[in-house]
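The structure below can be read from its interior outwards. Please keep it in view while following the text.

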Amino acid sequence: LKRRRESDKQVLICLRYLNIYLFVYLPHWYARHPSCSIAFPSEPAKLIGGIFIANLGLADELEKPNTVVEFFEHLAATKEWVPNSHYGILKQIEIFFDFLEQHSEQLPGCNGFRQPLHADDFPPVTRAGGSPKRPISRRIFSFCLAYIEALIAHTDALLDRILSGDISDDVLLRLDESLVIDTFAWQDIFGCIPVVFHKGKTIPLRIIPKTVLLKSMRLKDGRVLRIPQPHALNQILVALYTGIRHNHLQWLDAETFDQFVEEEKGHEFTKLHVNTDKVKMQPWVAHVNVRVIEILRKQLQWRTLIDEPGFAQKVYYNNNPKTKWGKFYPLFSANRNGSPHNDSRYETAWKEILSGVETMLPEIGVSNIRLCRLLPGCVKYDDIEGTEKHRCELIEYGRTIQKKCVLEIKSDITPHSARVSVVSHLIAVLPADVIGRYVTGQTAATVY
């Protein structure tokens, strides 16, 4: 299609579903119903809207294939799409049909084709303001920030000791195999114990999740060392301080992110140059806590240690050569080709952080807040409180497992809840247009 897009991925997924209907489902259905008098739609012009798109009762046949609308309703039920996702997928199909109609005289088999989808064919969607994502409770938000700060400080200490040659590779291999870190047992290795400063209390953290990846990288001093990558922790903390989308933090430009920072001391807030956006056509400026720039400059220091060839090369935003944002040096370069870490890195770290924070809630006098659950991989966070169908599936799963059941951390507070959390806490003290314009980059309507 002729529309300029950052990525064709979502469009292609939608068209694949349509192709399954046209080239798999329909041929299979007609093969099983050879007596059907409805002509097979061998070209777009024969795709009669009232028969193949939405059933208008135009055919007297007792047996007729499901329509596109019915097909997508079955898909939505099977894949458990929320109404907005179902609506968005059908909208992509509608755009495709618009294209066929607009160029019907030039495209083979499309002469006379007309847009067959109508407003009534779409599922009802919620237009009310707000987000379905659950934010981090205001009661523990500041503690979450302090907890991540402690993990970052602990990681920085590990990096310093590796660079100074105080930790052998054998010790790091043993650390890399751990799921959690007993900071008391590892105190001699790290040289410190992480502590959280919260409401006048100093709280040592004994058991913490191992949230950083240890990866062998070539350094500019010629050594190849297994060093921690602080990317996920830094990105998550900045997201919680700013509410900026994770993708745009992940792809900050190492050369320009702090170009508007005024270096005079005493300023509590400063400017962050954000070089990409989901909606905007130009880079934009967010007003942020000075601590945000400090975190990102620490990330830049990590980047300057590395001598991998890809780190000296500019990378297309989202690794997409068609992007309107062009090439640049990613601040969060993590792979040897210079590209940032993938989404699963910070998504995994996020769940580990939530689990760690939840274990500390009794220590700070907080109860009745659940952040995560340990569940089998096939079970979603809400399934155990969901429909009867979900409960039956859980029971059946329990019958099939034998000697062990592998559990994973599940939560309905996702990394993207960072954005919702910032907005929900600021809306009590700032107008929506101020939050959107100066903090998160959203429109006032989206903030609401």
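The paragraphs that follow take up the nonpolar cores, one helix and a surface patch.

This is a predicted model, in which local features need pLDDT of at least 70 and side-chain atom pairs count only at pLDDT 80 or more, while totals for chains, interfaces and linings use all residues. Residues are numbered from 1 along each chain as its sequence is written, and side-chain values use heavy atoms, with hydrogens and water left out.

The largest nonpolar core (buried Ala, Val, Leu, Ile, Met, Phe, Trp, Tyr and Cys residues joined through side-chain atoms within 4.5 Å) has 74 residues. Buried means under 20% relative accessible area, with a 1.4 Å probe and protein chains only. Tyr147, Ile227, Leu240, Leu272 and Leu296 have the most contacts inside this core. Its largest share, 14 residues, comes from helix H5 (residues 138-163); helices are DSSP runs of H or I, at least four residues, numbered from the N terminus. Apart from this core lies another, of 34 residues, including Val11, Tyr17, Tyr21 and Trp81.

Helix H8 covers residues 231-242, and 11 of its 12 residues are buried. Leu240 is one of these buried residues. Leaving aside neighbours within four places in sequence, Leu240 is in contact (heavy atoms within 4.5 Å) with Ile136, Phe141, Leu145, Ile148, Trp350, Ala418 and Val422. After H8 comes Gly243, with a positive phi near 80°.

At the surface, Phe23 lies in helix H1 (residues 9-32). Phe23 is exposed, with a relative accessible area of 60%, where exposed means over 50%.

Notes
Helix = DSSP H or I, 4+ residues; strand = E, 2+ residues; numbered from the N terminus. Expected span 1.5 Å × (residues − 1).
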